[in-house]
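Work through the following exercises with the model open beside the text, and try each task before reading the solution beneath it.

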Amino acid sequence: MPVDEISLGDFVLAGGEVAVLVMIEAIGRLLPGVLGNADSVADDSFAPGAMESLLEGPVYTKPPVWRERPVPDILLSGHHGAIARWRRDEAIRRTARHRPDLLARLAPEDLDERDRAVLREAGFPVDAEDMAD
């Protein structure tokens with residue numbers, strides 16, 4: 001019987017139970033009706049489109065202030081374009097901080113000027129002249 005090997009990352013587990021739970025979660029959320037809002041997967045880490053090769057940025061929920069930590073004003077603004085830009089900026093910052101190897105997968109045309117500015121602010125080289133420094 002053929003067996004497919006799947007890697008969840010660079011770590012060792014005592015048994016397969018946790019790995020199976022991760023797979024059930026990852027696959028199950030792709031099935032229609034599993035998520036309350038099917039469009040929410042568009043902002044997930046690695047989702048095709050604007051978030052491809054990026055980790056998802058921070059996620060906030062209600063209430064608007066929790067343990068003295070407020071939700072950023074932009075997320076309460078109702079300005080969908082500005083919110084999308086903020087989410088992408090945060091995803092880029094998080095990816096540069098935690099998984100810079102993923103940014104290497106991006107083609108230069110995948111980054112706009114704002115993306116490059118966010119990466120520079122994060123200290124990540126994005127252009128030939130940045131890499132020469």
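**Exercise 1: the largest pocket**

In this predicted model, the largest pocket has a lining of 20 residues, and those that lie nearest its centre are Pro58, Val59, Tyr60, Leu75 and Arg87. Determine which elements give two or more residues to this lining, and how the lining residues divide by class.

Solution. Begin with the secondary structure: helix H2 (73–76) and H3 are the elements that give two or more residues to the lining of the largest pocket. Next, sort the lining by class, which yields ten nonpolar, four polar and six charged residues. Finally, the volume of the largest pocket comes to about 440 Å³.

**Exercise 2: the aromatic pair**

Find which residues form the one aromatic pair of the whole structure, and state which parts of the chain the pair ties together.

Solution. A search of the whole structure gives one aromatic pair. The pair is formed by Tyr60 and Trp86, with 6.2 Å from centre to centre and 50 degrees between the planes, and it is classed as tilted, because the angle is neither under 30 degrees nor over 60. Tyr60 belongs to the loop between H1 and S1 while Trp86 belongs to helix H3 (residues 80–98), so the pair ties together parts that lie 26 residues apart in sequence. As for accessibility, Tyr60 is partly exposed because its relative accessible area is 38%, whereas Trp86, at 17%, counts as buried, the cut-off for buried being under 20%.

**Exercise 3: helix H3**

Compare the span expected for H3 with the distance between its end C-alpha atoms, then list which of its residues are buried and what covers them.

Solution. H3 has 19 residues, which at 1.5 Å a residue should span 27 Å, since the expected span uses one less than the number of residues. The end C-alpha atoms of H3 are 27 Å apart, in agreement with that expectation. The buried residues of H3 are Ile83, Trp86, Arg88, Asp89, Glu90, Ala91, Ile92, Thr95 and Ala96, and their cover includes H2, helix H4 (100–103) and helix H5 (113–121).

**Exercise 4: Ser53 and Arg67**

Ser53 and Arg67 each have a positive phi although neither is a glycine. For each residue, establish where it is placed and whether it is buried or exposed.

Solution. Take Ser53 to start with: its phi is about 65 degrees, and its place is in the loop between helix H1 (17–28) and strand S1 (65–66). Ser53 is buried, because its relative accessible area is 12%, and, leaving aside neighbours within four places in sequence, it is in contact with Phe46, Thr95, Leu102, Arg105 and Leu106. Arg67, with a phi of about 50 degrees, is placed in the loop between S1 and strand S2 (69–70), and it is exposed, with a relative accessible area of 65%.

**Exercise 5: the second largest pocket and Glu56**

Give the volume of the second largest pocket, and find how far Glu56, which is part of its lining, lies from Arg94 in sequence and in space.

Solution. The second largest pocket holds about 250 Å³ of space, and its lining has six nonpolar, one polar and three charged residues, among them Arg29, Asp44, Phe46 and Glu56. Glu56 is located in the loop between H1 and S1 and is partly exposed, at a relative accessible area of 26%. Glu56 and Arg94 are 38 residues apart in sequence, yet their C-alpha atoms are 7.6 Å apart in space.

Technical notes. Residues are numbered from 1 along each chain as its sequence is written. This is a predicted model: local features need pLDDT of at least 70, side-chain atom pairs count only at pLDDT 80 or more; totals for chains, interfaces and linings use all residues. Side-chain values use heavy atoms; hydrogens and water are left out. Helices (H or I, at least four residues) and strands (E, at least two) are DSSP runs, numbered from the N terminus. Buried means under 20% relative accessible area, exposed over 50%, partly exposed in between (1.4 Å probe, protein chains only). Contact means heavy atoms within 4.5 Å. Rings of Phe, Tyr and Trp (its six-membered ring) pair if their centres lie within 6.5 Å; planes under 30 degrees apart count as stacked, over 60 as edge-to-face and the rest as tilted. On a 1 Å grid over the protein atoms alone, a cavity is a set of points where a 1.4 Å probe fits but cannot get out, and a pocket is an open set with protein on both sides within 12 Å along at least five of seven lines; lining residues have an atom within 4 Å of a point. Grid points are joined across faces, edges and corners, and a volume is the space filled by probe spheres set on the points. Ala, Val, Leu, Ile, Met, Phe, Trp, Tyr, Cys and Pro count as nonpolar, Asp, Glu, Lys and Arg as charged, and the others, Gly among them, as polar.
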